[in-house]
Amino acid sequence: MAQISLLYPENSSQKTCEMTPQGINDLSIDYIVESLTKDVYEKNSIKNILTNVTSDIDVINYRADVFEDILNFPQLREGLVALLKKLEDLRELEKFNKDGDASALWQLINRLREIDGYVLCITMLKDMLAKTPIQSDGLKNLQKTIEDIYNEGGFDLLKKDIDETMEKAQKLRSITIGVNLDNVLKPKNAGVISLNSFEITNSGLLKNFMEFTSNKEGLNSDEEVLKSSKLHPANPSLHRMQFGSVAVAANTNVHIDTSGSATGDDPLSSSLSKVVTNILKKMVKSIKATLQKYVNISGYSLVTLMPEIIFYIRFAELIDKMKEKNLTVCKPRAVKGDRTTKGRDIYNIKLGIKRTNGEEFDIIGNDIDFNDDQRIFVMTGPNRGGKTTFTQAVGHCFLLAQCGIYVPAKSFEYSPVDNIFTHFPADENETVDLGRLGEESKRLSDIFSIATDKSLLLLNESLATTNVAEGVFIAKDVIRAMAYLGTRAIFNTHMHELAHHLEEYNSDSSSKSKVQSLVTGVKDGHRSFKCTIAPPQGVSYAKDIAIKYGVTFDQIKKNIDNRN
């Protein structure tokens, strides 16, 4: 089967930039992934795709169209969920076949199961895609590939051969081995007597031997002797069966002396070893002949689709849940503009996830525009006024959009970023060696060493843990550096002074990005969580809060006077 991907168009570049561990943590990627699935394999698959950022517009649009098909056609999604279960079986078979210690018989049966699974998956895919009016190039390419395979002259024969061979293999339930004895009852050799479609239920060799020797009429010649008692199961803890050095399960009462000291070498063990080695030749002769005709068929080429299908399905399920809660989502539009972005009513997807989990609260959408007049925002506002939530929301929109996923917004048009870098407060334990200021400065230096003018930088209360004078000094240089680099950025901060130096930042002729002040709004002393282009409120906001809670000097003085 030709390699096909639902993430990358044929012959496209698969170059991506991996997000930093800090970026993954600061944007709460694990929280998002955990909300999609509890399965470890699925979580790892989704996270891997989500955190490897592509900036190729053709790849992004290809993904967006595939996701839209999967989102718009629930019946297709149901079929893909069923397909995933079959692909999981193939994935497990792949693990077994990598086991070099597996017997030839086991490998052959797994090969038979692999081809059977391949046939089933091809048939399922063909049927579900034929019933769905898909629009995306990705799914249309998959459909054509599957139909080409299905319509090849040999596919019907393959299905017929595999069906017949599987039926034959599934009938095998036991092997009867005969042992010849010499005149002193010492085993001489052994061989396969028959392959059976029934399970043998007789057990102990010792029990049967005693029954035979106690029989007055001599040895039992009736074949019913094979069904007289229960067999001991093989010990599953054995790495492989070693005839001649037999290991016995702990729950058996039989003791076998394998030293050979009493009787010399064990001819039975040697004979049985040869028998087991040769069983394959007789037992699976027809199976092997059938499979040799299909040496180039591999079901594992389909397994590579698993992470991609999982990624789209789990996000489609989340978007459906958000729609059920009347939350706004949209298909993002990637454009080739020069570091531009136009987002309307964007919000943090974590809030959407909480709403789908039953929490009730209002979600306030905000606009974001990156263009020639403003690519860097110094964002100020009150504590718990939504600065961090909005900063994350911008990152989420870019990340989801470039993966082809619908974004939490009314509309989102953007030129892709090559990576998303974040600088949020670090854990105290990470600052022991360098100190808080040293640690924050080093992380900023690391970001600037790899960020480009196509990157997105999200800074959250950076440099706020040092004294104000030191923080402002370094932060002003950081803003100037971002402007010189030409990146898109949001720097949310309590250092209002930073937003009072716009003219200084923007008058530098070497700057490639202009800086603007963005404020989280306050209305009547209440946090509105609305963001607007405006000068920092600073003291004016403090005055509003003081008046609201009655702690201005005039209010306090009046209260004191009234008490008297």
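# Notebook: cavity, pocket, α14 and some single residues

I began with enclosed space, and a search of the whole structure gave one cavity of 30 Å³ or more. The model is predicted, and I read every entry below with that in mind.

**Entry: the cavity**

I looked up the volume of the largest cavity and found about 40 Å³. Which residues line this cavity? I listed Leu6, Leu76, Leu80, Leu125, Leu129, Leu139, Leu142 and Ile309. I then sorted the lining by class: eight residues are nonpolar, none is polar and none is charged. Next I asked which helices each supply at least two residues of the lining. They are α5 (74-97), α6 (104-130) and α7 (137-151).

**Entry: the second largest pocket**

I turned to the second largest pocket, which holds about 610 Å³ of space. I counted 28 lining residues. Gly385, Gly386, Lys387, Thr389 and Phe529 lie nearest the centre of the pocket. What is the class make-up of this lining? I noted 11 nonpolar, 11 polar and six charged residues.

I also checked the elements behind the lining. Helices α14 (349-356) and α15 (387-402) and strand β14 (526-533) each give at least two residues. The largest share, six residues, comes from α15.

**Entry: helix α14**

Since α14 contributes to the pocket lining, I looked at its burial. Is α14 mostly covered or mostly open? I found it mostly covered, with six of its eight residues buried. The buried ones are Ile349, Lys350, Gly352, Ile353, Arg355 and Thr356. I traced their packing to α2 (29-36), α13 (306-324) and α15.

**Entry: Arg355**

I stayed in α14 for Arg355. Arg355 is buried, yet I found no salt bridge for it. How far away is the nearest side chain of opposite charge? It belongs to Glu360, at 4.1 Å. The salt-bridge cut-off is 4 Å between a side-chain nitrogen of Lys or Arg and a carboxyl oxygen of Asp or Glu, so the pair at 4.1 Å does not count. I set aside neighbours within four places in sequence and listed the contacts of Arg355: Lys325, Leu327, Glu360, Phe361 and Ile363.

**Entry: Val394**

I moved to α15, where Val394 sits. Is Val394 buried or exposed? I call Val394 buried because its relative accessible area is 2%, and the cut-off for buried is under 20%. Beyond neighbours within four places in sequence, Val394 is in contact with Ile346, Ile368, Phe370, Leu456, Leu458 and Ile490. I also checked Val394 against Leu27, 367 residues away along the chain. Their C-alpha atoms are separated by 9.8 Å.

**Entry: positive phi values**

I closed with backbone angles. Most residues other than glycine have a negative phi. I noted two residues against that background.

Asp345 has a phi near 55°, a positive value in a residue other than glycine. I placed Asp345 in strand β6 (residues 341-346). At 32% relative accessibility, I count Asp345 as partly exposed.

Glu461 also has a positive phi, near 55°. Where is Glu461 found? I located Glu461 in the loop between β11 (456-460) and α17 (468-485). I count Glu461 as buried because its relative accessible area is 14%, and buried means under 20%.

Note on methods
Residues numbered from 1 in each chain as written. Predicted model: local features only at pLDDT ≥ 70, side-chain atom pairs only at ≥ 80, totals over all residues. Heavy atoms only, no water. 1 Å grid on protein atoms, 1.4 Å probe; cavity = no way out; pocket = protein on both sides within 12 Å on 5 of 7 lines; lining within 4 Å. Points joined across faces, edges and corners; volume = space filled by probe spheres on them. Helix = DSSP H or I, 4+ residues; strand = E, 2+ residues; numbered from the N terminus. Nonpolar A, V, L, I, M, F, W, Y, C, P; charged D, E, K, R; others polar. Buried < 20%, exposed > 50% of the residue type's maximum accessible area, 1.4 Å probe, protein only. Lys, Arg positive; Asp, Glu negative; His and termini not counted. Contact = heavy atoms within 4.5 Å.
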